[in-house]
Amino acid sequence: MMKKNVLLIGSSSLIGQAVLKNKKHKFTAPTSEKLDLSNRESIDTFDYKGYDCLIIVAGAGGRHGKTFGFKDKEVDLDYIANTVDVNCRGITMLLKKYLTQNPKGHVATIGSISVLEMKTKHAVYASTKVYLDRLIDLLANLYPETNFSKINPASVSSRFRPHNAKLISPDEVAKCVWTAIENNIKRIDIMDKTGQFH
Ligand SMILES: NC(=O)c1ccc[n+]([C@@H]2O[C@H](COP(=O)([O-])OP(=O)(O)OC[C@H]3O[C@@H](n4cnc5c(N)ncnc54)[C@H](OP(=O)(O)O)[C@@H]3O)[C@@H](O)[C@H]2O)c1
């Protein structure tokens with residue numbers, strides 16, 4: 001594959017770190033301080049010029065010990081707002097800005113197996129991933145010269161959950177990201193080893 005100029009969002013996550021290990025490509029990997037998906041101005045002012053490939057690993061609502069199950073007693077509105085803000089509004093704005101500058105090339109997103117399995121208690125998080133999934137399908141029609149790839153993992157080890165044999169490793173997810181990009185694969189589902197879904 002030709003060397004690509006890749007914009008990677010979410011490089012501090014273990015999946016992001018694993019994606020960065022690919023030495024064939026040139027990466028720009030802004031921190032969430034530099035490009036904050038919950039901040040309109042931050043998304044607006046970032047310079048998106050000159051990329052061949054966008055990889056969106058960033059996402060909110062699945063970690064940090066905060067979850068929202070529909071049957072929970074407490075309703076944490078801040079959690080809901082941040083999850084929707086980052087995963088829906090922020091990523092939509094990011095894609096709009098990016099695709100305006102780079103209407104050709106590749107866009108890869110990390111979704112979740114919950115898009116297919118619908119077994120998670122975390123209704124808001126899973127619903128934002130469904131939103132992203134459908135948004136990518138719609139954009140694939142609007143931008144026929146861009147290749148879109150969706151990677152949907154089940155439970156992955158992360159900064160907040162150390163690796164064990166049941167969890168998918170970040171390296172496995174990164175391998176799927178590159179396989180999808182190199183072969184123009186539209187969707188890769190990485191099935192569950194634990195019985196849990198995220
Ligand atoms: N772990 C799983 O079991 C699992 C399963 C399926 C899918 N996924 C997906 O995989 C991706 C990585 O998840 P993870 O579990 O590894 O979680 P994580 O370690 O919490 O990583 C989340 C990433 O999103 C970034 N992020 C969060 N809020 C942001 C904001 N406002 N602006 C910009 N970046 C922001 C974080 O940056 P900071 O470090 O700066 O906060 C971090 O890089 C997510 O999209 C998640 O939904 C995870």
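**Exercise 1. The shell around the ligand**

How do the residues of the shell around the ligand divide into nonpolar, polar and charged?

*Solution.* The structure is a predicted model. Step 1: sort the shell residues by type, which gives ten nonpolar, 13 polar and three charged residues. Step 2: identify the residues that come nearest to the ligand. Of the 26 residues around the ligand, these are Ser-12, Ser-13, Ser-32, Ala-58 and Gly-59. Step 3: ask which element supplies the largest share of the shell. That element is helix α1 (residues 14-20), with three residues.

**Exercise 2. The chain as a whole**

Describe the order of the elements and decide whether the radius of gyration of the protein chain agrees with that of a compact globule.

*Solution.* Step 1: count the elements; the protein chain has six helices and six strands. Step 2: read them from the N terminus, which gives the order β-α-β-α-β-α-β-α-α-β-α-β. Step 3: compare the radius of gyration with the expected value. A compact globule of 198 residues would have a radius near 16 Å, and the protein chain has 16 Å, so the two agree. Step 4: add the dimensions of the C-alpha trace, which spans about 50 × 40 × 30 Å along its principal axes. Step 5: consider burial and contacts. Buried residues make up 36% of the 198 residues. Among contacts between residues at least 6 apart in sequence, 71% join residues at least 24 apart.

**Exercise 3. Helix α3**

Compare the span of helix α3 with the expected one, locate its kink, and state what its buried residues pack against.

*Solution.* Step 1: helix α3 (residues 77-101) has 25 residues. From its first C-alpha to its last it reaches 34 Å, close to the 36 Å expected at 1.5 Å a residue. Step 2: the helix has a kink of about 35°, centred on Asp-85. Step 3: list the buried residues of α3, namely Thr-83, Val-86, Asn-87, Gly-90, Ile-91, Leu-94, Leu-95 and Tyr-98. Step 4: recall the geometry of a helix. An α-helix has 3.6 residues a turn, so residues three or four places apart point the same way. Step 5: name the partners; the buried residues of α3 pack against β1 (5-9), α2 (40-45), β3 (53-56) and α5 (123-142).

**Exercise 4. Asn-184**

Is Asn-184 buried or exposed?

*Solution.* Step 1: place the residue; Asn-184 lies in the loop between α6 (170-183) and β6 (187-190). Step 2: consider its backbone. Asn-184 has a positive phi of about 50°, although it is not a glycine. Step 3: count the neighbours. Asn-184 has 10 other C-beta atoms within 10 Å, and a residue with 12 or fewer is exposed. Asn-184 is therefore exposed.

Methods
Residues are numbered from 1 along each chain as its sequence is written. This is a predicted model: local features need pLDDT of at least 70, side-chain atom pairs count only at pLDDT 80 or more; totals for chains, interfaces and linings use all residues. A residue is near a molecule or strand if its C-beta atom, placed from the backbone, lies within 6 Å of it. Helices (H or I, at least four residues) and strands (E, at least two) are DSSP runs, numbered from the N terminus. Ala, Val, Leu, Ile, Met, Phe, Trp, Tyr, Cys and Pro count as nonpolar, Asp, Glu, Lys and Arg as charged, and the others, Gly among them, as polar. The radius of gyration is taken over C-alpha atoms; the globule rule is 2.2 Å times the number of residues to the power 0.38. A residue is buried if 20 or more other C-beta atoms lie within 10 Å of its own, exposed if 12 or fewer, and partly exposed in between; C-beta atoms are placed from the backbone. Two residues are in contact if their C-beta atoms, placed from the backbone, lie within 7 Å. The expected span of a helix is 1.5 Å times one less than its number of residues. The bend at a residue is the angle between axes fitted to the seven residues ending there and the seven starting there.
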